[in-house]
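Thanks for making room for this on the agenda. I would like to go through a handful of local features with you, and please stop me wherever something is unclear.

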Amino acid sequence: MTGSQTRFIKTCISMLILYILSLLFILNLIKSNIENIILVAISMFIMSFFTLIYCYIILNISFQNSKINKRVENKLQNFNRDNNIFYSKNSEKYFLFLKDILQTIKVNQYNCFTNKGYIIIISGYNELPHSLRQKGTMGVFSRTQKYIIIYTDFYCVKEKKVKSVNKESFKSTFYHEWGHFLDYANSNISYTRSFNKEFNKIKNRYQYAIRFSCAGIVGLFYRQYPDFNLNSLIDSSEYFATSYSEYKQGHLCELYFKNIFDKIENSCMEDL
């Protein structure tokens with residue numbers, strides 16, 4: 001049971017006790033009036049009934065969220081498995097490489113990931129079940145299906161063929177998808193007003209350079225941030241994930257975003 005589930009159970013118990021004490025207090029206060037006693041009792045019963053229903057629904061959702069999505073797991077029956085990591089038969093060397101990468105991930109982050117029932121899938125594009133394949137990407141984070149997929153080779157839409165992935169790209173992709181998870185686990189930081197304000201500064205800086213064909217400005221931008229991925233400008237969540245990947249690999253990162261990542265790295269996430 002995760003910390004959030006424990007806190008929720010304690011909250012439910014506290015609410016129930018509060019209702020019972022409130023009911024006893026009111027009944028004692030107006031015990032001389034039978035009509036009021038009946039009215040208050042009915043009201044308190046209705047309130048308690050709906051509160052318990054609400055607690056049951058939320059608690060049930062909480063426990064369901066801690067389980068691995070069985071529909072996804074059933075599609076991976078031919079895959080090798082190591083705890084919450086699934087890897088295809090031809091991806092063993094990438095699995096071993098991932099184990100090394102995971103040594104750089106904070107233990108509390110990984111515990112949060114596993115407690116929420118998420119899994120990591122390592123596979124070539126053609127080895128994945130059709131329902132899990134996505135063209136034109138080297139990695140996928142699914143909040144609803146609760147998985148991260150890292151491709152060992154991917155389908156290039158432009159060239160219309162499957163291309164191999166080297167270890168550096170594999171590592172960069174993993175950190176990118178892990179960044180999406182951290183964003184989600186920390187209440188979607190990338191959607192906050194302050195984050196979007198800083199993100200738009202970066203986006204406008206690049207768009208201004210392109211709009212007026214200012215090659216010098218573009219060149220200056222890339223001299224400052226040579227590892228910058230233009231795809232990260234699609235939206236704030238992509239920028240968060242890309243920036244986190246750069247941060248983990250020791251690349252240059254805007255101070256505002258670096259401070260956010262430092263805070264996440266030093267926070268306790270297991271209770272989220």
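I will take a hairpin, then some helices, and then the cysteines.

Please keep in mind throughout that what you see is a predicted model.

Let me begin with strand 4, residues 139–142, where I would ask you to look at both faces in turn. In a regular strand the side chains alternate between the two faces of the sheet. Here G139 and F141 lie on one side of strand 4 while V140 and S142 lie on the other, and all of them are buried, so both faces are covered. The partner is strand 5, residues 147–156, which pairs with strand 4 in the antiparallel sense over four bridges, and within that pairing I150 of strand 5 is the bridge partner of G139. Four residues sit between the two strands of this hairpin, and K146 takes a positive phi near 60°.

Moving on to helix 6, residues 167–185, one can ask how its span compares with what 1.5 Å a residue would give. For its 19 residues the expected span is 27 Å, and the end C-alpha atoms are 27 Å apart, which agrees. At the start of helix 6, a side-chain oxygen of N166 comes to within 3.2 Å of the backbone nitrogen of E168, and just after the helix S187 takes a positive phi of about 65°.

Helix 10, residues 255–265, raises another question: which of its residues are buried? They are F257, I260, F261, I264 and E265. Because these buried residues cover an arc of only 135° around the axis, they fall on the same side of helix 10. The face turned away from that buried side carries the exposed residues L255 and K263.

One of those buried residues, F261, is also touched by S243, which in addition touches C253, if we leave aside residues up to four places away in sequence. S243 itself belongs to helix 9, residues 236–248, and its relative accessible area is 3%, which is under the 20% cut-off, so S243 counts as buried.

Finally, the cysteines, about which someone may want to ask how many disulfides a search of the whole structure finds. A disulfide is a covalent bond between the sulfur atoms of two cysteines, and the search finds zero of them. As for burial, C112 counts as buried at 1% relative accessibility, and C156 is likewise buried, with a relative accessible area of 12%.

Terms used: Residues numbered from 1 in each chain as written. Predicted model: local features only at pLDDT ≥ 70, side-chain atom pairs only at ≥ 80, totals over all residues. Heavy atoms only, no water. Buried < 20%, exposed > 50% of the residue type's maximum accessible area, 1.4 Å probe, protein only. Pairing = 2+ DSSP bridges. Expected span 1.5 Å × (residues − 1). Polar contact = N/O pair within 3.5 Å; in protein donor to acceptor, adjacent residues only side chain to side chain. Arc of directions from axis to C-beta. Contact = heavy atoms within 4.5 Å. Disulfide = S-S within 2.5 Å.
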